[in-house]
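Colleague: I'm new to this model and would like a close look at one small part of it. Could you start with a single spot in a loop and then work outwards to the helices around it?

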Amino acid sequence: MKVFISHKDSDRNTAMEVLNVLTSNRVEAYLDVLDNSVVKKGELLTKHIKSKLNECTDILVVMTEKTKSSWWVPFEIGMAAQKDLPTVSYLQSGVALPDYLSYWPRLKSNSDIVKYINTRLRVKRQIMAERLDQSTIYASRLSETQRFYDELKRQL
């Protein structure tokens, strides 16, 4: 599991807090503020973001009031959605999500991040076990991502 942390640059402190929770729970994550190779210009930046998203299995979107003025966060979300990467939002208190983000699970605290990690890993293990047991492969028509969403929403 490797999580792409999507955020607006002005929310770097919140993104760093999220990164700390992930890494303290042994989850690898990509955060651009720690990447010295990030180029801050057009096409090169776009290619870099695509490359980093392709290395990740999940995306966690830091959502604050400042995110509304970001062009890159919606781009990253769109790229992740196209790949069916499991997507969660980390909400700052009082932030109303746009409709297109209300579908995904919403994390509101560090303990919710831990629930996300545990649920994601548990669903992944269940799917792997089902794949080994040929009789249950077709028992569930839900994708791994959808099963994860359903389970995490129950946990939250």
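Modeller: Let's start at R26, which lies in the loop between α1 and β2 (28–30). Bear in mind that this is a predicted model. What makes R26 worth a stop is its backbone: phi is positive, about 60°, although R26 is not a glycine. Most residues other than glycine have a negative phi. As for its surroundings, R26 counts as exposed because its relative accessibility is 82%.

There's another spot like that in the loop between α3 and β4, where you'll find D84. D84 also isn't a glycine, and its phi is positive too, near 60°. With a relative accessible area of 41%, though, D84 is partly exposed.

To place these loops, it helps to have the overall layout. The protein has five helices and five strands, and along the sequence they come in the order β-α-β-α-β-α-β-β-α-α. Of its 156 residues, 43% count as buried. If you take the contacts between residues at least 6 apart in sequence, 71% of them join residues at least 24 apart.

Now step back from R26 into helix α1, which covers residues 12–24. This helix packs against α4, with the two axes 10 Å apart and at an angle of about 45°. The pair is therefore oblique, and the crossing is right-handed. From α1, the residues making this contact are V18, V21 and L22, and from α4 they are N110, I113, V114, Y116 and I117. By class, that contact has seven nonpolar residues, one polar and no charged. In general, residues three or four places apart in an α-helix point the same way, because there are 3.6 residues a turn.

So what is α4 like on its own? It has 23 residues, and its first and last C-alpha atoms are 34 Å apart, close to the 33 Å expected at 1.5 Å a residue. Its buried residues are D112, I113, Y116, I117, T119, R120, V123 and I127. Among them, I113, Y116 and I117 also belong to the contact with α1. The cover over the buried residues of α4 includes the strands β1 (2–6), β3 (58–63), β4 and β5, along with helices α1 and α5.

One acidic residue in that list deserves a second look. D112 is in helix α4, and it counts as buried because its relative accessibility is 11%, where the cut-off is under 20%. Which residues does D112 touch, leaving aside its neighbours within four places in sequence? They are R106, L107 and L156. The first two of these, R106 and L107, make up strand β5 (106–107).

On to the other helix that packs against α4, namely α5. The axes of α4 and α5 come within 9 Å and cross at roughly 140°. These two are therefore oblique as well, again in a right-handed crossing. On the α4 side the contact involves K115, Y116, T119, R120, R122, V123, K124, Q126, I127, E130 and R131, and on the α5 side E144, R147, F148, E151, L152 and Q155. Here the classes come to five nonpolar, three polar and nine charged residues. Y116 is worth remembering, as it appears in the contacts of α4 with both α1 and α5.

Helix α5 has 12 residues, 144–155, so at 1.5 Å a residue it should span 16 Å, and the 17 Å between its end C-alpha atoms agrees with that. Buried in this helix are E144, T145, R147, F148, Y149, E151 and L152. They are covered by parts that include β4 (87–91), β5 and α4 (110–132).

There's one more helix pair to see, and it brings us back towards D84. Helices α2 (residues 42–54) and α3 (residues 72–82) have axes that come within 10 Å and cross at roughly 45°, which makes α2 oblique to α3. Their crossing is right-handed. G42, L45, T46, I49, K50 and L53 of α2 meet W72, F75, E76, M79 and A80 of α3. In this contact you'll find seven nonpolar, two polar and two charged residues. And after α3 comes the loop that leads to β4, with D84 in it.

How values were computed: Residues numbered from 1 in each chain as written. Predicted model: local features only at pLDDT ≥ 70, side-chain atom pairs only at ≥ 80, totals over all residues. Heavy atoms only, no water. Helix = DSSP H or I, 4+ residues; strand = E, 2+ residues; numbered from the N terminus. Expected span 1.5 Å × (residues − 1). Buried < 20%, exposed > 50% of the residue type's maximum accessible area, 1.4 Å probe, protein only. Contact = heavy atoms within 4.5 Å. Axes fitted to C-alpha atoms, helices over the stretch in contact; angles between N-to-C directions. Parallel < 35°, antiparallel > 145°, perpendicular 65-115°, else oblique. Left-handed = near helix turned anticlockwise from the far one by under 90°. Nonpolar A, V, L, I, M, F, W, Y, C, P; charged D, E, K, R; others polar.
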